[in-house]
Amino acid sequence: MGHVEDQEGGKIGLKRELGLFSAVSIILAVMIGSGIFVSPTSALERSGSIGFCLLIWTSCGLLSLLGALAFAELSTVVPRSGAEYAYFVEAFTPLHRYAGQIPAFICSWVYVVLLRPAEVAVVMLTFAEYSVQPFSGYLADLPEASMQRLKKIIAILALGLITYINLTSVKLYVKVQNVFTVCKVVACIVVIAGGIWWLGTGHTKLLDNPFRGSSTSAGDVALAFYSGLWAYDGWTSAAIVTEEIQKPEINILRSILIAVPLITVLYVSMNLMYMAALTMPEMVSAPAVAVLWADRVLPSWLGFAIPLGVALSTFGCSLSIQFGVSRLCYVAGGEGHVPRVFSFVHMEKMTPAAAVAFQGLLSLVCLLLGNIIALIEFASFLTWVFYGLAMVSLLIMRRTKPEAPRPYRVPTVIPWLVLCVSIFLAVIPIIHEPTPKYLFALLFILFGLVIYHVYVYKKIQNTLAEKITYLIQALCLVVAPDKKD
C-alpha cells in the first residue's frame with residue numbers, strides 16, 4: 001500500500017506532526033463531545049440513584065481504559081493508521097483470500113460511507129444550536145422556519161471550515177485542535193469548580209442517602225452501562241492516526257494513560273456537580289442539563305460560559321472525527337477497499353486531500369438530508385462489533401505474529417473482557433428495542449458485500465471510474481505517495 005512513515009528528502013507522504021500533547025488532544029476532542037453538557041442523564045435514569053450512577057460512570061471509564069490499552073498493544077504490532085481497520089487487514093486477510101478481507105472492508109464501508117460523516121453532521125448541527133443561543137434575545141422575533149434555516153447555514157459554514165483546516169495542513173489542524181481542546185477542558189472545570197462552590201455553601205441535601213432508589217433490575221443496570229460506555233466512546237482516536245504520531249510505540253500508550261483517566265475524572269465529577277444542584281426529574285426533562293445547572297448555580301455574568309463550552313466542544317469534536325476518518329479512508333484506499341485515489345496525498349500540503357474532501361462532501365449530504373439521527377442509531381451498534389473483532393485480532397496475532405515488536409503487552413484477560421463487553425453492547429440494544437433499523441443495518445452490510453465482491457475481489461473496472469480518478473487528482477492536486485523503502 002502507499003503509506004510512508006515520514007516526508008524526508010522530498011518524499012510524498014503523510015508526516016509525523018503529532019506529539020504527545022496533540023495525541024492526548026485528539027482523544028479528548030473525540031471523547032468529549034456535547035453529551036456530557038447536554039444529556040448525560042440516561043445512566044442516572046436507569047441506575048436509579050446518585051451513588052450507583054457515579055459507580056457506573058467510574059466503571060465505564062475503567063472499561064474504556066482497558067479497551068484503549070489493548071489498542072495500544074495493537075498499534076505496536078500493526079504500526080499503521082486506521083485502528084481496527086488496519087488490525088483486521090493484518091489478522092484476518094492471511095487466514096482466507098476471500099473472506100479474510102471482509103471484516104476490514106465492512107469496517108471501512110460503515111465508518112467511511114455512513115457513520116462518521118453522519119456523526120460530523122449531527123455534531124455540526126449541535127454546534128449551530130449552541131452558537132446562536134447567546135444571541136437568542138436578538139433572534140426571538142425570527143420565525144421558527146427561518147431560525148432552523150439559519151442554524152443549518154451555520155452548520156454548513158462550520159463544516160466548510162473544519163474541512164478547510166483538515167485540507168490545509170496537519171500543523172494547522174494541530175494548532176486549532178489543541179486550542180479547542182484546552183477550551184473544552186476549561187469548560188468542564190468551570191462546571192466542577194461551580195459545583196464545588198455550590199456544595200461549599202451548604203447545598204448538599206440532594207446528595208443525602210446517595211444509594212436510595214438504586215435499581216435492582218439487571219436490564220436497567222445493563223442499559224445504564226450501555227449509555228455510560230457510549231459516552232466514553234472515542235478512545236481509539238490516537239490509534240486511527242498512528243502514522244502521523246511521533247514515536248507512536250511510546251506516545252500512543254502515554255496519550256491513553258493520560259487522556260482516558262482524565263476524562264473519567266471529569267465525567268464523574270461533572271455528574272456529581274449536576275446531581276448536587278438538580279433533582280433527577282429535572283435532569284431527565286432538561287433539554288440541556290448543563291445550561292439548566294448554570295442558571296441555578298453560576299452567577300448571571302457567567303451564563304454564556306456553558307453554551308460557549310458546548311459550541312467549542314462540538315466544533316473540536318467534529319474537526320477530529322473528520323481528521324480521523326479521512327485517515328481511515330486514506331488507508332482503505334491503499335488496500336483497494338475504497339477508490340485508490342483516496343490514498344493519494346496533496347503534492348505540497350502532505351494531507352490526504354481527496355479523502356478529506358470526500359468526507360466533507362458526505363457530511364454535507366447528511367446535513368442536507370435532515371433527520372440523520374436514525375442513520376447513526378442503525379449503524380452505531382456496529383462500532384462495538386468492530387471493537388470486539390479488534391480484540392479477536394489481538395488474540396489471533398499473538399499466535400500468528402509472535403515475533404512482532406511488542407514494547408507493551410496487555411494481560412490476556414483484558415482483550416477477553418473487552419470482547420465480552422463488546423458483545424453485550426452490540427446485542428443489548430437489539431434485545432431491548434428490536435426495531436426495523438437493525439434490518440436496515442443488515443441490508444446496508446449486504447449491499448457492501450456486493451460492492452466488495454464486484455469491485456474489490458473481482459476488481460471490475462470501467463473507463464468512467466478512471467476518468468473520475470483523473471478528475472479528482474486534478475481538482476485536489478493529489479498524487480500517489482512514495483512507497484516505504
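So, which residues are buried in α17? Going along the helix, we have I414, P415, V418, L419, V421, S422, L425, A426, I428 and P429. Before I go on, a reminder that this is a predicted model.

Let me stay with α17 for a moment. The helix has 20 residues and reaches 28 Å from its first C-alpha to its last. At 1.5 Å a residue you'd expect 28 Å, and the span is close to that.

Now, empty space. Rolling a probe the size of a water molecule over the atoms shows where empty space is left. How many cavities of 30 Å³ or more does the structure hold? Just one, and its volume is about 40 Å³. The residues lining that cavity are L63, S64, G67, L229, W235, W384, V418 and V421. You'll recognise V418 and V421 from the buried list for α17.

Two helices each put at least two residues into that lining: α4, which runs 50-77, and α17, which runs 413-432. Of the contributors, α4 gives the most, with three residues. Chemically, the cavity lining comes out as six nonpolar and two polar residues, with no charged ones.

Okay, on to the pockets. I want to show you the second largest one, with a volume of about 1200 Å³. Its lining takes in 35 residues, and the ones nearest the centre are G336, V338, P339, R340 and Y455.

Who supplies that lining? At least two residues each come from α6 (102-131), α15 (353-369), α18 (437-457) and α19 (463-476). Top of the list is α19, giving seven residues. By class, this pocket's lining splits into 22 nonpolar, eight polar and five charged residues. So if you remember the cavity lining, that one had no charged residues, while here there are five.

Last stop, the packing. The largest nonpolar core has 164 residues, and inside it F37 and W293 have the most contacts. The helix giving the most to this core is α6, with 18 residues. That's the α6 we just met in the lining of the second largest pocket.

What is F37 in contact with, once you leave aside its neighbours within four places in sequence? On the list are I32, K184, A187, C188, M270, Y274, A288, V289, A290, V310 and S313. If you have the viewer open, centre on F37 and click through those partners, K184 and S313 among them.

That's me done. Happy to go back to any of the views.

Notes: Residues are numbered from 1 along each chain as its sequence is written. This is a predicted model: local features need pLDDT of at least 70, side-chain atom pairs count only at pLDDT 80 or more; totals for chains, interfaces and linings use all residues. Side-chain values use heavy atoms; hydrogens and water are left out. On a 1 Å grid over the protein atoms alone, a cavity is a set of points where a 1.4 Å probe fits but cannot get out, and a pocket is an open set with protein on both sides within 12 Å along at least five of seven lines; lining residues have an atom within 4 Å of a point. Grid points are joined across faces, edges and corners, and a volume is the space filled by probe spheres set on the points. Helices (H or I, at least four residues) and strands (E, at least two) are DSSP runs, numbered from the N terminus. Ala, Val, Leu, Ile, Met, Phe, Trp, Tyr, Cys and Pro count as nonpolar, Asp, Glu, Lys and Arg as charged, and the others, Gly among them, as polar. A nonpolar core is a set of buried Ala, Val, Leu, Ile, Met, Phe, Trp, Tyr and Cys residues joined through side-chain atoms within 4.5 Å. Buried means under 20% relative accessible area, exposed over 50%, partly exposed in between (1.4 Å probe, protein chains only). Contact means heavy atoms within 4.5 Å. The expected span of a helix is 1.5 Å times one less than its number of residues.
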